[in-house]
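Please take a moment with the sequence and the model shown below before reading on. The paragraphs after them are meant to be read with the structure in view.

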Amino acid sequence: MMMNWSHGYNTSVGYTFGYYREMSPAWIDFALRLQGYAAPTGKKRRYLELGFGQGLNLILLAVANPDIDFLGIDFNPEQVAHARKLAAGIKNVRFEEADFLNLAAHWPADYGQFDYAALHGIYTWVSPELRQAIVKCLHHAVAAGGVVYNSYNALPGWLAAFPLQHVMVRYQKTTGQPPLTAIDNSLKLMHRLREAGASLFTAQPTLANRIETAEKHDRAYLLHEYLHDGAWFPLWYSQAMNEMAQAQLVAAGTATLPEIFLPTLLPVPLRTVIEEVADPILRQELIDTAINQSFRRDLYQRGHQRLWPLEGQRVWSAISLISLTGMPEDKQLKFATSFGQLNGDPDSYGAILTALTTGPKTVAQLAALPEWQGKSFGLLLHVLSLLLHGSYIGIQQENVDLRNVTRFNRTLARAVADGANYSCVLAGQLGIGLAASTVDLMFLDVLAETPTARAETLAAGLLTRLTALGRQLLKDGTAVTDPDAARTQALQLATLFTSKTLPEWKRLGVWTA
């Protein structure tokens with residue numbers, strides 16, 4: 001029965017409750033403009049997500065963007081029900097249960113067309129038949145000038161994982177074990193093969209890293225990443241691009257900001273080889289080969305909308321940026337990318353970070369800094385992109401009602417106190433999620449009840465909530481069973497929360513109460 005309606009996609013365990021900053025309209029707009037394209041405009045824009053998982057990310061975006069209408073479509077009724085429950089009272093988002101094959105044949109008139117359409121991961125987790133249906137849905141759904149965000153498992157980076165995925169699927173099928181148990185046991189089986197000297201691990205040395213990484217991941221994520229029968233197809237860039245072209249969608253770059261500057265940032269010998277190739281598609285795939293690309297965040301437009309030179313200057317000048325972390329104490333700016341770690345010059349980058357400590361600044365204001373006189377505007381955008389990618393800064397959100405943000409974060413906190421697995425809050429000033437621990441979300445739940453609560457009250461409230469769930473505080477991974485030690489640790493955590501986390505969350509628009 002599951003195979004009939006899920007088309008080989010494993011639905012035995014729900015997807016994780018993640019958030020993805022690159023899917024926000026502001027981030028997509030930034031990436032488009034950086035690559036010379038105009039972002040969607042209009043007073044009432046619309047945003048579609050196909051395959052929204054649990055829906056948390058789309059709800060975060062809806063609360064942060066009250067001027068945009070959001071629609072999420074997923075075929076899993078369990079996930080649709082969860083999303084609708086979590087979104088209760090939020091007027092600009094709705095969730096619909098539908099099969100992509102049916103939608104491809106009959107796109108409902110009331111769905112209409114969209115300025116943004118997004119897919120996270122789903123494109124390479126479904127069968128070729130469903131990919132074709134997705135493309136047809138996009139052809140129906142994306143308005144002229146609209147943009148599509150498609151993140152997917154890419155080649156060649158996933159080549160080494162093919163044996164692991166195959167063994168996981170076959171192991172679960174042949175043993176009949178529950179999926180999550182089969183995942184653990186198939187990983188152990190692959191470990192034993194490696195220790196026994198299987199030659200595959202010599203031919204594919206990165207397979208061992210894949211297995212070690214998988215062992216650290218949430219098992220629900222691993223199920224959705226690997227455990228599909230006939231519905232797991234990592235793609236080359238050209239394959240995804242050619243399929244999207246059937247919906248009149250033209251490549252407009254990537255939402256992974258550092259990759260916009262490739263091959264320039266690669267070592268000279270690699271860059272020389274790549275730049276000798278004239279064909280842009282082959283050149284992109286050589287870049288992906290050079291960095292062993294495993295995950296792409298492609299952008300497409302239905303009709304390229306190039307920015308005119310003066311139009312681009314006006315657009316960039318109006319964008320405001322906000323500080324997240326400031327300059328590290330050791331003044332070492334590090335940027336993790338798909339092609340290795342990059343290091344930033346403390347002088348050039350530091351001037352921007354210092355300026356932002358006094359409050360949000362537009363790009364025009366940053367360009368006018370004394371330290372940036374005589375330097376190119378293109379270099380400034382390069383630096384800002386890396387700072388944004390590295391989460392040193394963020395894009396300031398417009399038109400957001402911080403009272404609604406606080407209200408939604410209160411909903412998340414109450415759900416966590418009831419036992420939910422949410423691990424983020426919405427930062428209203430940024431329009432994206434921020435990682436949040438269970439402990440800190442429970443502190444928020446206490447504050448929702450007692451807005452003036454001090455550390456002692458927060459600590460007591462935390463312990464009460466954990467006890468109600470049958471849980472205990474952890475210290476270095478071990479449960480704190482002594483009551484006095486638990487109270488001491490809870491107070492330490494509450495003091496840290498009130499002195500550092502809460503003031504920062506208030507600055508970033510997480511909590512206004």
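What follows is a walk through a predicted model, beginning with aromatic rings and ending with helix packing.

A search of the whole structure finds 14 aromatic pairs. One of them is formed by F162 and W232, whose rings meet edge-to-face, with 5.1 Å from centre to centre and 75 degrees between the planes. This pair links distant parts of the chain, since F162 belongs to helix α7 (residues 162–175), whereas W232 lies in the loop between α11 (219–226) and α12 (237–245), and the two are 70 residues apart. The two partners can also be described by their surroundings: F162 is partly exposed, with a relative accessible area of 35%, while W232 has a relative accessible area of 5% and is therefore counted as buried, because that term applies to values under 20%.

W232 has a further aromatic partner in Y226, and here the arrangement is stacked, with 6.3 Å between the centres and 25 degrees between the planes. Both Y226 and W232 are buried. Together with W158, the residues F162, Y226 and W232 form one aromatic cluster. At W158 a charge joins the picture, for the charged end of R210 sits over the ring of W158, 3.8 Å from its centre. An arrangement of this kind is also found at W372, where the charged end of K375 sits over the ring, 4.8 Å from its centre.

The next stop is the backbone itself. Most peptide bonds are trans, and most residues other than glycine have a negative phi. Against that background, the peptide bond from L155 to P156 is cis, with omega near 15 degrees, and P156 lies in the loop between β5 (142–153) and α7. A cis peptide bond also joins L262 and P263, with omega about 5 degrees; P263 is found in the loop between β6 (250–254) and α13 (268–275).

Where, then, does a residue other than glycine have a positive phi? K331 is such a residue, with phi near 60 degrees, and its place is in the loop between β8 (320–323) and β9 (333–337). With a relative accessible area of 52%, K331 is exposed, because that word is used for values over 50%. S391 is not a glycine either, although its phi is positive at about 60 degrees. S391 lies in the loop between α18 and β12, and with a relative accessible area of 32% it is partly exposed.

Beyond β12 the chain can be picked up at D401, which is placed in the loop between β12 (393–395) and α19 (402–417). D401 is partly exposed, its relative accessible area being 23%. The side chain of D401 reaches the backbone nitrogen of R403 at 2.9 Å. D401 can also be set beside a residue from another part of the sequence, for D401 and P66 are 335 residues apart in sequence and yet 7.9 Å apart in space, C-alpha to C-alpha.

Helix α16 (residues 346–356) offers a view of how a helix can be covered. How many of its 11 residues are buried? The count is eight, so that the helix is mostly covered, and the buried residues are S348, Y349, G350, A351, I352, L353, A355 and L356. α16 packs with helix α18 (residues 377–389) at an angle of about 70 degrees, and their axes are 11 Å apart. The two helices α16 and α18 are therefore roughly perpendicular to each other, because this description covers angles from 65 to 115 degrees. In passing α18, α16 makes a right-handed crossing.

A further packed pair is made by α19, the helix that follows the loop holding D401, and helix α20 (residues 438–449). The angle between α19 and α20 is about 110 degrees, with their axes 8 Å apart, and these two helices are therefore roughly perpendicular to each other as well. The crossing in which α19 passes α20 is left-handed, whereas that of α16 with α18 is right-handed.

Methods: Residues numbered from 1 in each chain as written. Predicted model: local features only at pLDDT ≥ 70, side-chain atom pairs only at ≥ 80, totals over all residues. Heavy atoms only, no water. Buried < 20%, exposed > 50% of the residue type's maximum accessible area, 1.4 Å probe, protein only. Helix = DSSP H or I, 4+ residues; strand = E, 2+ residues; numbered from the N terminus. Phe/Tyr/Trp six-rings, centres within 6.5 Å; stacked < 30°, edge-to-face > 60°. Lys NZ or Arg CZ within 6 Å of the ring centre and 35° of its normal. Polar contact = N/O pair within 3.5 Å; in protein donor to acceptor, adjacent residues only side chain to side chain. Axes fitted to C-alpha atoms, helices over the stretch in contact; angles between N-to-C directions. Parallel < 35°, antiparallel > 145°, perpendicular 65-115°, else oblique. Left-handed = near helix turned anticlockwise from the far one by under 90°.
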